[in-house]
Amino acid sequence: MKKLLIASALAAIAFSGSAFADDDRGREARKEYQEARHEALKDRREAIREYEKDRREYEKERREDMREAAKDRREAEREYWKERREAEREWRKDAREYRHWARGEYIPRHYLADRYYMQDYRRHDLSMPPDGYMWVRPYEGDDTYYLVQMATGLISSILGN
């Protein structure tokens, strides 16, 4: 019996070393797994940081581009309206300088001044105006003559272009 006890004790000691070795291998495997997991999490956090940094840079550039585009659009609109006002002023100036009226319309009051009246109507081959009427030539370079009622400015006849 003593021999059996000694043999079993020796067997337990011999096999217990391999058990400890298995336990050490398990610890090593767990340790490697935890280190690998720790590295993977570290890499993931680094990737997230880089992504967030890139996203912030992209958003910053996008906002700057949007501001620049809005600034360019406002400048283009200002330029457009400026050119449009200038063109309209030119058109109005031309329209005012070479305005023509039709029979039955009223000529503006400032054309009913002595400097626009045709006193020597015979020299321009015009008939003598009736009482209360006068021949008016609004533009020097234009050969259009208007027979205008002096009291109201009503145009009763037009000769010329």
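Visitor: How many salt bridges does a search of the whole structure find?
Guide: The model is a predicted one, in which local features need pLDDT of at least 70 and side-chain atom pairs count only at pLDDT 80 or more, while totals for chains, interfaces and linings use all residues. Residues are numbered from 1 along each chain as its sequence is written, and side-chain values use heavy atoms, with hydrogens and water left out. A salt bridge here is a side-chain nitrogen of Lys or Arg within 4 Å of a carboxyl oxygen of Asp or Glu. With that criterion, the number found in the whole structure is 5.

Visitor: Which residue meets Arg49 in a salt bridge?
Guide: The N to O distance of this pair is 3.0 Å. Both residues belong to helix H1 (residues 2-97) and are 3 residues apart, about one helical turn; helices are DSSP runs of H or I with at least four residues, strands are runs of E with at least two, and both are numbered from the N terminus. The partner of Arg49 is Glu46.

Visitor: Is Arg49 buried, partly exposed or exposed?
Guide: Buried means under 20% relative accessible area, exposed over 50%, and partly exposed in between, with a 1.4 Å probe and protein chains only. The relative accessibility of Arg49 is 49%, and its partner Glu46 has a relative accessible area of 37%. Arg49 is therefore partly exposed.

Visitor: How many Å apart are the closest N and O atoms of Arg55 and Glu52?
Guide: Arg55 and Glu52 also lie in helix H1, 3 residues apart, about one turn of the helix. Arg55 has 36% relative accessibility and Glu52 has 25%. Their salt bridge has its closest N and O atoms apart by 2.8 Å.

Visitor: Which residue forms a salt bridge with Asp120?
Guide: The closest N and O atoms of this pair are 3.1 Å apart. Asp120 is partly exposed at 34% relative accessibility. The partner is exposed, with a relative accessible area of 63%, and its name is Arg123.

Visitor: In what order do the strands form the open sheet?
Guide: Along the sequence the chain runs α-β-β-β. Two strands pair if DSSP finds at least two bridges between them, and the pairing in this sheet is antiparallel. Strand S1 (133-136) and strand S3 (155-159) each have a single partner strand, so one side of each lacks a neighbour in the sheet. The order is S1-S2-S3.

Visitor: What is the bridge partner of Val136 in S2?
Guide: S1 and strand S2 (residues 145-149) pair in the antiparallel sense over 4 bridges. For Val136, the partner in S2 is Tyr146.

Visitor: Where is Pro138 found?
Guide: Pro138 is buried, with a relative accessible area of 6%. Leaving aside neighbours within four places in sequence, Pro138 is in contact (heavy atoms within 4.5 Å) with Trp101, Ile107, Tyr111, Tyr116, Thr144 and Tyr146. The location of Pro138 is the loop between S1 and S2.

Visitor: What distance in Å separates the C-alpha atoms of Pro138 and Tyr116?
Guide: Tyr116 is one of the residues in contact with Pro138. The two are 22 residues apart along the chain, and their C-alpha atoms are separated by 5.7 Å.

Visitor: What percentage of the 161 residues in the chain do buried residues make up?
Guide: Pro138 is one buried residue. For the chain of 161 residues, the buried share is 16%.
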